[in-house]
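Colleague: I've just opened this one and I'm new to it. Can you walk me through it?

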Amino acid sequence: MSATGERLSPLDMLARLVSFDTESDKTNLALIESVCAYLDGWGIPSLRLPNAAGDKVALLATVGPMVDGGVVLSGHTDVVPVAGQSWTSDPFRLRVSDGRAYGRGAVDMKAFDALALALVPKMLAASLRRPIHILLSYDEETTCLGSMDGIARFGADLPRPAAVIVGEPTGMEVADAHKSIVTCLTTVHGHEAHSARPALGANAVSAACELVAGLNRIADLMIERGDPSGRFDPAATTVHVGTIHGGTARNILAKECRFHWEYRGLPDLDPAEIPRLFAREVERVTRERLNRYGDFGRIETLEEVDIPGLAPEPGSDAERLCLRLAGRNRTIAVPYATEAGQFQAAGLPTVVCGPGDIAQAHQPDEFITLDALGQGERFLRNLIEACAS
């Protein structure tokens, strides 16, 4: 195919992607339109996968033959908010200084997206024998559901890939494991009464505090169990309560109290264990505290997010490929969750491997070093060569 499209360096492509404010509570449509126009210039068709509201879209594009055995490059387009952070420059205008590129999403993870897109001309010129699929998702920073429609297409009406590379920042180390995340909202419904007559009602705040204490006990149990693999830091499944709100006045039994909580599970955690332990706490607190004086209250829990962990698959196609391309001889585990577990749950061998340092993510003046960007480019050039051989 003749080279007729727009040629951009990875840094120039990164500047373009950063210029779109794609915080997770906002649309990513303008960014996707820009990417589609760029791919159109190179004759690469784009499959758009919108959410139900139509305000966000995932994009899937394939370079090379439509055959099984290719490689997926998965990146997300959404970024975390900048509100309340002290930036020294416009977070949505890439600033390059002292060997660093600053901007929201520069490392998490528009750098990987930019590399994949900027190297499309190289992919075309290489006459790939195995395809490279580029999947750009949305809502990774909130629910990780934005990639699901794309994942479902592989092996259905699209070729089934042999490996998936999720390009979250790992310093180009190959991560074959990460924890799961489940987030919940628990609401305690009590019954208002004067605080001088507690038997006339049910205090939702008191019941919620006992439930939080119960979660602390579950957390201690997880810490005591630890991490038999010895690979994670912190070395255990963690349980955390992030917010709690309830009550109207100090002398009124609280009618309602809500708290948000989460757990981040080791890959071998039984997904039913913590919900089962918490359900026992709910039953006890409802009986012994909330409804001590009568059938006044109830407790309900809504599961908001369930992101599966990534379990090691020693010797998988994805692991062997990425270790070779990155010049590594071992894998690592990472403490944050990604979309990788969803690819794995669909039966696709998956690892996490991308440029930059996760420590810079979500920070004011987020940055990726130009050296890290270069490392990522060399990795993808090696991938192109491998898919052409």
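Modeller: Sure, one term to begin: buried means under 20% relative accessible area, exposed means over 50%, and partly exposed is in between (1.4 Å probe, protein chains only). With that, 53% of the 389 residues in the protein chain are buried.

Colleague: Okay, and where does the model come from?

Modeller: It's a predicted model: local features need pLDDT of at least 70, side-chain atom pairs count only at pLDDT 80 or more, and totals for chains, interfaces and linings use all residues. Residues are numbered from 1 along each chain as its sequence is written, and side-chain values use heavy atoms, with hydrogens and water left out.

Colleague: How many helices and strands are there in the chain?

Modeller: The protein chain has ten helices and 15 strands. Those are DSSP runs numbered from the N terminus: helices are H or I with at least four residues, strands are E with at least two.

Colleague: Which residues touch the most other members in the largest nonpolar core?

Modeller: Leu73, Met123 and Leu383, out of 61 residues in that core. Helix H10 (residues 370–388) gives the most to this core, eight residues. Apart from it lies another core of 27 residues, including Val188 and Tyr263. A nonpolar core here is a set of buried Ala, Val, Leu, Ile, Met, Phe, Trp, Tyr and Cys residues joined through side-chain atoms within 4.5 Å.

Colleague: What is Leu73 in contact with, leaving aside its neighbours within four places in sequence?

Modeller: Among them are Phe112, Met123, Ile165, Leu380 and Leu383. Contact means heavy atoms within 4.5 Å.

Colleague: Switching to helix H8, which of its residues are buried?

Modeller: In H8 (residues 317–326), the buried ones are Ala318, Glu319, Leu321, Cys322, Leu323 and Leu325. Their cover includes strand S3 (71–76), strand S13 (331–334) and H10. Just after H8, Gly327 takes a positive phi of about 70 degrees.

Colleague: Any oddities in the backbone?

Modeller: Some. Most residues other than glycine have a negative phi, and most peptide bonds are trans. Asp98 isn't a glycine, yet has a positive phi of about 50 degrees. Asp98 is exposed, at 75% relative accessible area.

Colleague: And cis bonds?

Modeller: One cis peptide bond joins Asp108 and Met109, with omega about -10 degrees. Met109 is in the loop between strand S5 (100–102) and helix H3 (110–118). The bond from Asp233 to Pro234 is also cis, with omega near 5 degrees.
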